[in-house]
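User: Please take a close look at one helix pair in this model. How do the two helices cross, and which residues meet there?

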Amino acid sequence: MATTTLEPRSGTIRRSWVIEWLTTVDHKKIGVLYIVNSFLFFFAAGILALVIRSELAVPGMQFLDHDTYNQAFTMHGTIMLFLFIIPALSGFANYIVPLQLGAPDMAFPRINALSFWLLPLGGILIFSGYLFGGAAAEGWTGYSPLTADRFSPGVGTDLWIIGLALVGTASILGAVNSITTIFKMRAPGMTLFRMPIFVWTVLVTAVLILLATPVLTAGLIALFIDRNYGGSFFDPSVGGNPILWQHIFWFFGHPEVYIVILPAMGVVSEVLPVFSRKPLFGYKAFVFATIAIGLLSFSVWAHHMFTTGAVFLPFFSFMTALIAIPTGIKMFNWLGTLYRGKLMLTTAMLFALGFIAMFLIGGISGVMLASPPIDFHVQDTYFVVAHLHYVFFGGSVFGVFAATYYWFPKMSGRKLNEPLGKVHFWIHFIGFNLAFFPMHQLGLSGMPRRIADYSPDAGWTVLNLASTVGAFMIAVSIIPFLINVVASLINGEPAGDDPWEGNTLEWATTSPPPPYNFDRLPPIHSERPLFFLTHGHGHAVARDEDLDETHEAQA
Amino acid sequence: MTAGAAEIRPAGDDHLVETHQTGMPTVMVGMLLFIASEVMFFGGLFATYFNARASVAPEPWEPPPGGELDMALAGVLTAILISSSFTMQFGVWAIRRGDTGKLKMWTGITLVLGLLFLAGQLYDYSQLGFGIADGIFGTVFYTLTGFHGAHVFGGAVGLTIILARAMQGQFSGRNHVAVEAVSIYWHFVDVVWIAVFSTIYLLR
């Protein structure tokens, strides 16, 4: 009767948690799967980094042969980029974006599950080269003609190609899902210019993935055809062109740099305002700077190819230098947010501040490399290795850890331990700089990247040893992090709905949120709906621009 | 249904998400974005084609010795595929009017035309006299036409699903977003063929 008709007829059945996690289409569980999977690959690729640094600690071949060394740095780069940084940030996007939009889930929950499950499959395929006569060993950039079948006959390279194509497909499907979610699933009142900055960065990132990754897929297919079916795309002896690979790879590869950094910038732009107790300084400027970086990223790929002599140097140099402008705007956004803020130096905040400082160094060395005379001098040296680690590790990975400390309470319902987190941060931060800052000097003094050995007379020994010590410090810093995660999950301080007094909607629901995300949504009149909910009542303090936006929305 | 210890919204409720939406249906947004990525994928393949031609120049751009492109057959196949776009659209217009009978008819015809195209392409491959390993011309020819063919096959799978669902009476004048999505994809595959045909056969 009445009671039975009111009962929700959802057709639910109970099943074990294993089946539940393996078959889930809930964006939050998939997000957690993404993050856990990414950290597992991070540890695997991190061990490879320690192997590389141990070999380089002192001159002479310690315990690897050259081929094993080549496999180690290739797998390290490939796994770190494609199976750690990108998926880790995708995982946070998966978990957080629907919550920040006030949506119940992603637009396509089952495609979401598919795009996650392709990742471990692709990653295992890439790694499985070790079981079949050696993994790919051509560097993560896979330059032709080194990847041709006669120079790299092993099946490891083919597995690398297939794995990357799968991971790329996963990214593309995820990007379709993110963009559709952002355009179709926003809560009432959540106009585009009230979206949290993290959502904006995820949106631009998804557009870059959508348009850049398929080009890499095309290149990987061409390479696979060359290797296995006698094709001649990259074989100059029968009319092919090895430089074509570099064009295709970097047409993807440079937007990829922003795919990796933009969501991390988004994380920092969420963390800084909350722990400065201020709104983000220059919200719209930040949004347009993000869009500008996205647009420019498609016109700079050949700055990776200055020394080929096959590209128009002034154009690509100029376009690359232009990217410093929107990036500089963001620096002003962040510094303006900090200025006269009431700073709370939580671990998440420390990682966000670390991001700003380290990314600034990486950005400056980036502008230096955009200048052809400098680039010609340091091409393929450790200067480039230093630059890319300051951007990827000092930038993106610091962003990943900021996100972890910031959103862990929302995901688990428990806060991470702050003193232990600070121990993690400081060992990590010092170790990072010890590992990578000396590489600038090594590069300037001529040490080429991807070498397994160097002469004791080269004068590189001390800096290499310092770098190796730094790498092991980073590894040590992960121990308090892992202890922290496990201990906090078991017995952490309960977080409550809104432990940080956040601005955005994910803090308006329980921690962790229910499967349907929200029982009710606060009114959304600004990009900080939760702030105005908790601090705005009783005062008629609506700012002029809020009123304007309300009128626009009503118009 | 994926609910259990941790209660989850049943997957069958997905359509409810759309009910308060205005503008383009969510599925169509997703399909258009997917097609955008496909455009970039073929863009990459076309880049390899033009790069190859530029690399070969000033040598003439022609099939390897003993091989010849069959312009007449390719022309017929082009006509078949372009017609199939029209028949597809007739089907879409039919279901917009709620005419499920015409939808089945036009979808069936489109599917047959698509399969005819694939069969013709396979026959063409067997008659060309050169293979993918015969120099850069063979490589880019088979890669471009082959990946287009794979997309036609994917479209044919989509049409088969549409046809099967139409047979079960799952579409109506108000509820046929899957038909629209597959039709958009089919038109896209058709446009790609026009580009492939123009590039390989006309731009000699």
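Analyst: In this predicted model, helix 8 of chain A passes helix 12 of chain A in a left-handed crossing. Left-handed means that the near helix is turned anticlockwise from the far one by less than a right angle. Helix 8 covers residues 242-276 and helix 12 residues 347-369. They pack at an angle of about 125°, with their axes 9 Å apart. Axes are lines fitted to C-alpha atoms over the stretch in contact, and angles run from 0 to 180 degrees between N-to-C directions. Helix 8 and helix 12 of chain A are therefore oblique to each other. Oblique is what remains after under 35 degrees (roughly parallel), over 145 (roughly antiparallel) and 65 to 115 (roughly perpendicular).

Now the residues. From helix 8 come A:Ala264, A:Val268, A:Val271, A:Leu272 and A:Phe275. They meet A:Ala348, A:Met349, A:Ala352, A:Phe355 and A:Ile356 of helix 12. Contact means C-beta atoms, placed from the backbone, within 7 Å. An α-helix has 3.6 residues a turn, so residues three or four places apart point the same way.

The pair sits in a chain of 18 helices and zero strands. These are DSSP runs (helices H or I, at least four residues; strands E, at least two), numbered from the N terminus. Among chain A contacts between residues at least 6 apart in sequence, 83% join residues at least 24 apart. The C-alpha trace spans about 75 × 55 × 50 Å along its principal axes.

Residues are numbered from 1 along each chain as written, with chains lettered from A and ligands numbered from 1 in written order. Local features need pLDDT of at least 70, side-chain atom pairs count only at pLDDT 80 or more, and totals for chains, interfaces and linings use all residues.

How values were computed. Two residues are in contact if their C-beta atoms, placed from the backbone, lie within 7 Å.
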